[in-house]
Amino acid sequence: MGKLIIIASGKGGTGKTTFTSHVGAVLAQAGFLTVLVDADAGFRNLDIALGLESNIVYDYSDYINGSLELDDVIIKSAEQNNLYFVAAPQSVPTTDFDEEKTADFWKNLKNRFDYVIADAPAGMGDGFMFAAKYADEAVIVSFAETSSLRDADRVIAELEDLGVSKVRLVLNRIRPELIENNILMNIDDCIDVLSIPILGLIPEDGAVMESMVKGMPLIKAEGYGAGTAFKNIAERLRGNNVQMMRFEDNRKKGLFARIKTLFSR
């Protein structure tokens, strides 16, 4: 049986959908059957990130509240082997879903796929609960700044109350020079605020925006860019111990030493 991983945040705009599409594509490229589920009913956009917006005929409400089979709502990526997608409904709220059939939906996905990754909406609303109540693990995507971390802390507490014991942090759009200049918080302070293990750091990288516009996730690991970060995070999700990559600005010795220490814990 596979595992359900919910991708969550306290504040919107932290890059959950970007993270979901890219890490999911990397896992699929590595040979794992991976399905990405857009849990943001009414505001779906994971389909755009995957270049699958024109392929949607049905969504998971048609399975949970309807008479369709699970295969009817699963879309296979034409660009990436082993990668699949299930769309969120545009107008049916998750509060209208049959609870037993919802549990059945997640269970059947886990029986068929190695990784089920749910892209949750920001905060702790109905879309978040739709996936969080059944999640095996959670990844919190945040910026290294106070308001983003404060909101994330509330989500972490809710996940723990729901029994999700494995919750890890990803800090997105990291710029080492801003940390060194005390514009962004340093990594140690971010961990102290949230008190959860860190799963990865994703550097600011223009290639990510280009990939989102094209609907083609960035899965090629090159140098110190985001592609390498996504690959390393996918490895850690698989349980592998991967040393933290070094960003390009090698003058920031102190920062990199701290990051290396964090990832060797």
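This passage describes the sheet, the helices packed on it and the nonpolar cores of a predicted model.

We can begin with the sheet, which is open and has eight strands in the order E3-E4-E2-E5-E1-E6-E7-E8, with mixed pairing. Strands E3 (74-76) and E8 (198-203) form the edges; each has a single partner strand, so one side of each is left without a neighbour in the sheet. From one strand to the next, the twist averages 25°. Within this arrangement, strand E2 (residues 34-38) pairs with strand E5 (residues 115-119) in the parallel sense, over five bridges. Asp-38 has Asp-119 of E5 as its bridge partner.

Two helices can be followed against these strands. Helix H9 (residues 187-194) packs on the sheet, where its contacts are with strand E7 (166-174) and E8. The direction of H9 makes about 145° with that of E7. Helix H11 (residues 226-237) lies across strand E1 (3-8), E5, strand E6 (137-142), E7 and E8, and runs at about 170° to E8.

Turning to the nonpolar cores, the largest holds 54 residues, of which Phe-105, Trp-106, Leu-109, Ile-140 and Leu-159 touch the most other members. Helix H7 (residues 146-161) supplies the largest share of this core, with five residues. Trp-106 rewards a look in the viewer: leaving aside residues up to four places away in sequence, Trp-106 touches Leu-4, Val-37, Val-116, Ala-118, Phe-130, Ala-131 and Tyr-134. Apart from this core lies another, of 33 residues, including Ile-7, Leu-36, Val-139 and Phe-230.

Terms used:
Residues numbered from 1 in each chain as written. Predicted model: local features only at pLDDT ≥ 70, side-chain atom pairs only at ≥ 80, totals over all residues. Heavy atoms only, no water. Core = buried A, V, L, I, M, F, W, Y, C linked by side-chain atoms within 4.5 Å. Buried < 20%, exposed > 50% of the residue type's maximum accessible area, 1.4 Å probe, protein only. Helix = DSSP H or I, 4+ residues; strand = E, 2+ residues; numbered from the N terminus. Contact = heavy atoms within 4.5 Å. Pairing = 2+ DSSP bridges. Axes fitted to C-alpha atoms, helices over the stretch in contact; angles between N-to-C directions.
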